[in-house]
Amino acid sequence: MDSSEQYAKVDEDHIGKKPANDGGENGGEAKQTAVLGVQDGGDFIDVEIGKSNEEEEKIMAPEEEKEKEESGSNSTKVQEIKEIQEHNDKDVNVPRAQGNARSHKLPRIKSQAHLPKPDPPPPTATTKVERTQPLSMAETMPSIGKYISDRSNSLSAAIVNRLTSLKEDKDLVAKDDSFNIEVTEFKIPGVKVIVKMKTEAERLSLELRGRVSIFTRSNCRDCTAVRRFFREKGFMYVEINIDVFPKREKELIERTGRSETPQIFFNDKWFGGLAALNELKVSAEYEAKLKELVGDRCPEGAPAMPVYGVNDEEDEDDDLVETVRYLRRSLPIQDRLLRMKMVKNCFSGADLLDAIRDFLDCSRKKGVMTAKRMGHKHFFHHVFGENEFEEGNHFYRFLEHEPFIMGCFNFRISTNDCEPKSASFLSDRLSKLMSAILEAYASENRLHVNYPGINKSEEFRRYLNVARDLQRVNMKLLTPDERLAFFLNLYNAMVIHAVITIGHPQGILDKRVFFNDFLYVVGGFPYSLNIIANGILRHNRTSPYSFVRPFNKDDRRLELIPPKMNPLIHFGLCNGTRSSPAVRFFTAEDVENELICAAKEYFRRGAIRFNMDTRTIYLTRIISWYKEDFGQEKEVLKWIVKCLDSMQSGLLTHLLADYDAQINIVYQDYDWSSNF
């Protein structure tokens, strides 16, 4: 018998025995008894609980089976347990101390499985339940779920009861011809429920199962009005922008016989332009006509939806590309020490000329002409920028080997070897694509731009293709106005690309990377935001807080500087911040007037404020940063008058009329946070 099943036997001198009850319900079976012997002044001593043999066997059976299962792996432990059991058996028969003496061993009484278990006392307010371990997730989740379920059921029941009571009280207003309950808000104690009903336009749009297709163009006021109409009505429509998908213009002419936009199609039926839409809008049978036009599903004959991710513009290889590819393979390109400088990946002009003559099997004169054409198309450059190509001891380097090329974000693995497109075509294409992007992913006032949406758009993907075509474009062919519009548009487009790619600058170091290290290769030369703004548009002037000009005196990019510096450029450049002018893109035909409009809008937004009592003018900090461009303060104020609306112009003129009184100029703080 296991020592844990042993019960201490008490000395017969101190414990009386109670006779068994033979008349019990168990047919004379021996019942367990516990007899306590107590003496005067004594304590509890050992207890004896007798059991029948059958009950002992039932109790012992699980213990013995458990020992057998563990005997294989715990033989040593079992042997120790047996020795302890034998020792305890001997100790049981040892007489206990008399009188007030206590047992030297504390007897252990094991609970009996067949005895009824007492119920725990009911909890009281002062009862504290302590746990040695925190509740596990498995223990707490069922109770949490039950609590949430009970609360939701009671909440639902409360709402239903409240609605029922409201209906009985006739507090709800219902139309006689429909079951649409016009409830916008009702209150329940502890709960506020707001019901947003579908508008009439939304219900109508759900009934229209057809397709509305609109042919549009960028920078078109009528197209903007049509877009606004359908957006306000909540109608879904498919826009086919001819400037984004130029090949769809042929389809437009075939369907309508004209190229003007906008043109609206309801399913496969040509409806007309903005004038026809205005007539429909004021018609008494507006909804009925719309259901008639687009109530059915769109047939196959309707204008197809634009296909995204497909390049439908054809590019032609340059006529010199085969010769250039041969030169890349055959020329000895290596690092050389030239003029006390280590020049990497260069080759000599003599080796270039010999390789051209070998490949074309031509005369020396034709070889020289071919080499000059390659230099003019920016396949390679002189390592010191001295010439396009000349015979003699000169060294050159391919465009893809230039040190700056890997930092250009319009460069993809290799240079663009296609025939360069005209600079005017690329400038116009860039302007139209970016205008289409703003119409779809910017607010109407152009103060907030959805950069993540632009990044996923088809228009931006096509813009990146245009940016890649700029690598070897001939910028000298642009007129002054075209050049001005191109660099304004390129700056604003690069800002959007930079925010998408490297993020909006947060500190001084980020601003340096953003404005100086984000590069495009244009016409064979690198351009950063700083170079475009200060080197090209500001006539090679230093940027604020800098003493270094962007170009040295021999830089070939100086040839692209406009004839005169126009201070209005500062109101056409958006650097992606809240205090900068609104982002916009310009056309070469009317760039001057568009810049004036941009300046007026910027000053109308708060770039200038007046305090007539103190004769103080609060100006944008852009004026302070570029004082060199605007002139002295008095001259600045006179120049600003032409860029203000009538009210602002009147206030400023009134202050300038008093020559003797002083005008105080305070420059506003600049908000560098993003215009996202």
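This is a short tour of a predicted model, from a sheet to two helix pairs.

Residues are numbered from 1 along each chain as its sequence is written. Because the model is predicted, local features need pLDDT of at least 70 and side-chain atom pairs count only at pLDDT 80 or more, while totals for chains, interfaces and linings use all residues; side-chain values use heavy atoms, with hydrogens and water left out.

**Stop 1: the sheet**

Select 238–241 and 269–272, which are β4 and β6, the edge strands, each pairing on one side only. Strands (E, at least two residues) and helices (H or I, at least four) are DSSP runs numbered from the N terminus. The open sheet has four strands in the order β4-β3-β5-β6, with mixed pairing; two strands pair if DSSP finds at least two bridges between them. From one strand to the next the twist averages 25°.

Now select 212–216 and 263–266: β3 and β5 pair in the antiparallel sense over four bridges. Phe215 stands opposite Gln263 in β5.

**Stop 2: helices across the sheet**

Add 221–233, helix α5, which lies across β3, β4 and β5 and runs at about 160° to β3. Then add 274–281, helix α7, lying across β5 and β6 at about 85° to β6. Axes are lines fitted to C-alpha atoms, for helices over the stretch in contact, and angles run from 0 to 180 degrees between N-to-C directions.

**Stop 3: a salt bridge**

Show the side chains of Arg217 and Glu249, which form a salt bridge at 3.0 Å, N to O. The term means a side-chain nitrogen of Lys or Arg within 4 Å of a carboxyl oxygen of Asp or Glu. Arg217 is in the loop between β3 and α5, and Glu249 is in helix α6 (248–256), 32 residues apart. The structure holds 31 salt bridges.

**Stop 4: α15 and α17**

Select 480–502 (α15) and 529–537 (α17), which pack at about 160° with axes 9 Å apart. That makes α15 roughly antiparallel to α17 (angles over 145 degrees). Among the contact residues (heavy atoms within 4.5 Å) are Phe487 and Tyr491 of α15 and Ile532 and Ile536 of α17. The contact residues divide into 12 nonpolar, no polar and no charged. Nonpolar means Ala, Val, Leu, Ile, Met, Phe, Trp, Tyr, Cys and Pro; charged means Asp, Glu, Lys and Arg; the others, Gly among them, are polar.

**Stop 5: α14 and α15**

Finally select 458–469, helix α14, whose axis comes within 12 Å of that of α15 and crosses at roughly 115°. The two helices are therefore roughly perpendicular (65 to 115 degrees). Phe460, Tyr463 and Leu464 of α14 meet Ala493, Met494, His497 and Ile500 of α15.

Note on methods:
Angles under 35 degrees count as roughly parallel, over 145 as roughly antiparallel, 65 to 115 as roughly perpendicular and the rest as oblique.
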